[in-house]
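Visitor: Please take me in for a close look at a single part of this protein, and then on to some of the other places you would point out at the bench.

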Amino acid sequence: HDLSDDSDYAQQSASVMDSFQQSSSSIVYSKDNVAIHPTQFAISGRLKLIKQGTSLFMTWIPYKGHNADNGLSDKDRNLYTIRAVPFTDVRSIRRHTPALGWQYIIVVLSSGLAYPPLYFYSGGVKEFLATIKQHVLLVRSAEDANVFLVNDFQSTLQKTLSSLELPRAVPLARGPSDMSADESTLNENQERNDSGVNNGSVSVPQFHRRPRHKVNDPTRDLSIQVLEKFSLVTKFARETTSQLFRENNGFRANERRTRIETPPKSQPKSTVAGKVSDENSAFSDSKEFDNLSLVWGKPRQSPLGSKEWITFVDSEGRVIDSEALRKRIFYGGLDHELRNEVWGLLLGYYPYDSTYAEREFLKSVKKSEYETIKNQWQSISSAQAKRFTKFRERKGLIEKDVVRTDRSLTFYEGDDNPNVNVLRDILLTYSFYNFDLGYCQGMSDLLSPILFVMEDESEAFWCFVSLMERLGPNFNRDQNGMHSQLFALSKLVELLDSPLHNYFKQRDCLNYFFCFRWILIQFKREFEYEKTMRLWEVLWTHYPSEHLHLYVCVAVLKRCRGKIIGEEMDFDSLLKFINELSGHIDLDATLRDAEALSICAGEEGAARIPPGTPPSLPVDSFYYDD
């Protein structure tokens with residue numbers, strides 16, 4: 001909808017022009033119906049280019065009172081507002097023109113950060129770029145015709161980033177301490193007149209941009225060769241992605257900080273059962289964690305077995321108390337023989353209040369539905385496939401990935417293994433079930449344990465669908481899911497381990513790319529297969545937090561703090577060190593630590609995690625913990 005006649009904005013525009021005149025500023029470009037998509041809901045606003053003296057600034061202000069359907073409060077509005085960004089801080093602008101949908105741009109800052117994509121619902125990208133060119137030096141990149149460089153001719157940097165195929169990173173906050181005096185004045189005018197929100201904190205989520213893949217590489221819906229290439233990232237790459245975060249925190253409700261400290265001397269000291277083994281010598285801060293676990297972390301239990309399982313269901317198979325069941329699984333996991341029955345409940349494929357008979361009926365219905373979807377791609381003839389580029393590309397990528405997925409396991413090993421073919425068929429069927437997302441590298445890692453447990457093609461497919469409802473945003477083209485999780489991780493480390501956070505800041509490691517693999521495929525490469533399944537079922541309980549995986553990241557990093565700081569690791573050595581932790585992390589101790597950290601962080605920790613951050617299910621509105 002066009003809000004150019006909106007009385008609220010007409011009044012604001014008049015007052016804004018008065019303030020601009022007072023500060024010798026002028027609006028040289030203004031466009032309505034420009035939106036961002038931080039969740040499944042869009043937030044519309046007005047984009048402006050403002051000239052003040054010899055400087056050009058960009059602002060984007062969400063509409064006031066017109067995002068009510070999204071539950072957008074003044075606090076939310078303040079969070080997403082972009083205020084007075086000088087083009088001296090802008091490195092480039094990437095223009096995207098999808099075959100279907102709206103044109104959008106991504107503004108990348110000199111520090112390597114980037115704002116969320118700005119979608120032009122009513123057109124105007126060409127005019128936007130033309131206006132910028134009138135006031136600053138704007139040149140088209142020789143490497144990518146859709147990238148426009150702002151006062152930057154270092155094509156070598158861009159070429160290197162493209163070859164590294166680094167993902168976009170995370171949102172963060174930009175604070176007023178980074179502004180010049182003129183910029184601060186302009187911000188005050190914009191904040192008072194254009195947004196209607198006047199407080200002392202200016203923050204905006206920003207996103208680091210991953211350079212786009214080559215145009216002639218269509219098989220890669222999501223560029224995540226980082227799974228194998230992270231250890232090859234060079235020092236030059238670190239420098240190009242440095243300063244990913246700034247000190248100011250956009251989700252900071254107040255200046256209070258809750259930090260994990262060793263209990264007072266009066267606190268009894270004792271040894272926690274199941275100490276970290278010798279092979280985990282990298283964890284040099286175990287004493288602090290032992291004390292921490294004594295205060296908060298509860299002992300791990302043995303896995304839930306068949307006899308105990310019976311006590312959680314009634315005679316018809318309904319789960320009597322789903323919360324109690326999830327809590328029990330959190331503390332001990334499941335016996336393998338129970339996983340086939342319980343994973344469907346944890347993933348939401350079966351309702352907890354369903355009976356045995358209802359679950360059997362659902363299986364039969366879903367099996368028929370699965371076969372219908374599967375037949376869609378099986379019925380494609382060779383002649384059709386020649387004219388169906390997207391199908392050929394996805395099929396080729398899936399076939400390459402499945403033959404490299406967990407082939408050391410007996411279940412998948414050997415030539416012509418039928419289970420490998422089933423893995424392929426499920427992924428192809430999912431690419432038709434969710435055609436927008438399709439297939440992305442890493443999905444085979446998530447499906448493999450599910451098929452191993454369910455041992456049924458249809459059941460494995462629908463459980464995978466349920467899992468992707470939560471983790472699907474990890475694989476979106478814009479990688480917003482990864483953005484928000486890496487951002488939340490950085491804020492949790494800042495909250496729970498300020499010395500480590502400050503060290504990462506000093507060493508230009510605040511991008512947290514070294515945790516990318518952990519989050520993307522849920523630690524699949526960090527533990528042996530059985531422990532991976534144990535970890536996943538614990539995470540799926542969403543107890544004590546649906547974002548427990550982020551606290552697991554913090555727990556591992558915190559235990560490694562002494563070694564990281566003691567050896568003065570830079571970005572490259574940190575990447576290598578994190579990769580080499582694979583197979584050397586004590587799962588039970590880490591889960592105890594993660595639980596303790598989650599309890600300690602409490603509401604403030606939850607408030608630092610952006611709304612809709614995976615593995616959250618889709619939300620109908622924004623929310624914040626007050």
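Guide: Happy to. Let's begin with Gln-485, a residue of helix α18, which covers residues 480-496. Please keep in mind as we go that this is a predicted model. Is Gln-485 buried or exposed? Its relative accessibility is 0%, and the cut-off for buried is under 20%, so Gln-485 counts as buried. Which residues touch it, once its neighbours within four places in sequence are set aside? Gln-485 is in contact with Asn-474, Ile-519, His-549, Leu-550, Thr-613 and Pro-614.

Now step back from that one side chain for a moment. The protein has 626 residues, and 58% of them count as buried. Its secondary structure comes to 25 helices and 9 strands. If you take the contacts between residues at least 6 apart in sequence, 74% of them join residues at least 24 apart. About 25,700 Å² of the protein is exposed, and carbon and sulfur atoms supply 48% of that area.

Helix α11 is a good next stop. Within this helix, residues 336-346, the buried residues are Leu-338, Arg-339, Val-342, Trp-343, Gly-344, Leu-345 and Leu-346. They pack against several other helices: α9, α10, α12 (356-378), α16 (443-454), α17 (457-471) and α21 (529-540). Just after α11 comes Gly-348, whose phi is positive, at about 85°.

One of those buried residues, Arg-339, also belongs to a network of salt bridges together with Glu-530, Arg-534 and Glu-537. As general background, side chains of opposite charge can pair when their charged atoms come close. Across the model, the count comes to 28 salt bridges.

Two of the helices that α11 packs against, α9 and α10, bring us to another pair. Arg-328 and Glu-308 meet through their side chains in a salt bridge, at 2.8 Å from N to O. Arg-328 sits in helix α10 (residues 322-332) and Glu-308 in helix α9 (residues 306-310), so this pair, 20 residues apart, links distant parts of the chain. The partners differ in cover: Arg-328 is buried, with a relative accessible area of 9%, whereas Glu-308 counts as partly exposed because its relative accessibility is 30%.

A salt bridge also joins Asp-425 and Arg-424, with 2.9 Å between the closest N and O atoms. Here the acid is the buried partner, Asp-425 having a relative accessible area of 9%, while Arg-424, at 23%, counts as partly exposed. In the pair Glu-604 and Arg-608, the closest N and O atoms are 3.2 Å apart. Glu-604 counts as buried at 11% relative accessibility, and Arg-608 is buried too, with a relative accessible area of 1%.

You may also want to know about the cysteines. How many disulfides does a search of the whole structure find? The result is 0. Cys-509 counts as buried because its relative accessibility is 0%, and Cys-560 is buried as well, with a relative accessible area of 1%.

To come back to where we started, Gln-485 is a buried residue in helix α18, and its contacts include His-549 and Thr-613.

Methods
Residues numbered from 1 in each chain as written. Predicted model: local features only at pLDDT ≥ 70, side-chain atom pairs only at ≥ 80, totals over all residues. Heavy atoms only, no water. Disulfide = S-S within 2.5 Å. Buried < 20%, exposed > 50% of the residue type's maximum accessible area, 1.4 Å probe, protein only. Salt bridge = Lys/Arg side-chain N within 4 Å of Asp/Glu carboxyl O. Helix = DSSP H or I, 4+ residues; strand = E, 2+ residues; numbered from the N terminus. Contact = heavy atoms within 4.5 Å. Areas by Shrake-Rupley, 256 points an atom, 1.4 Å probe, with all protein chains shown as cover.
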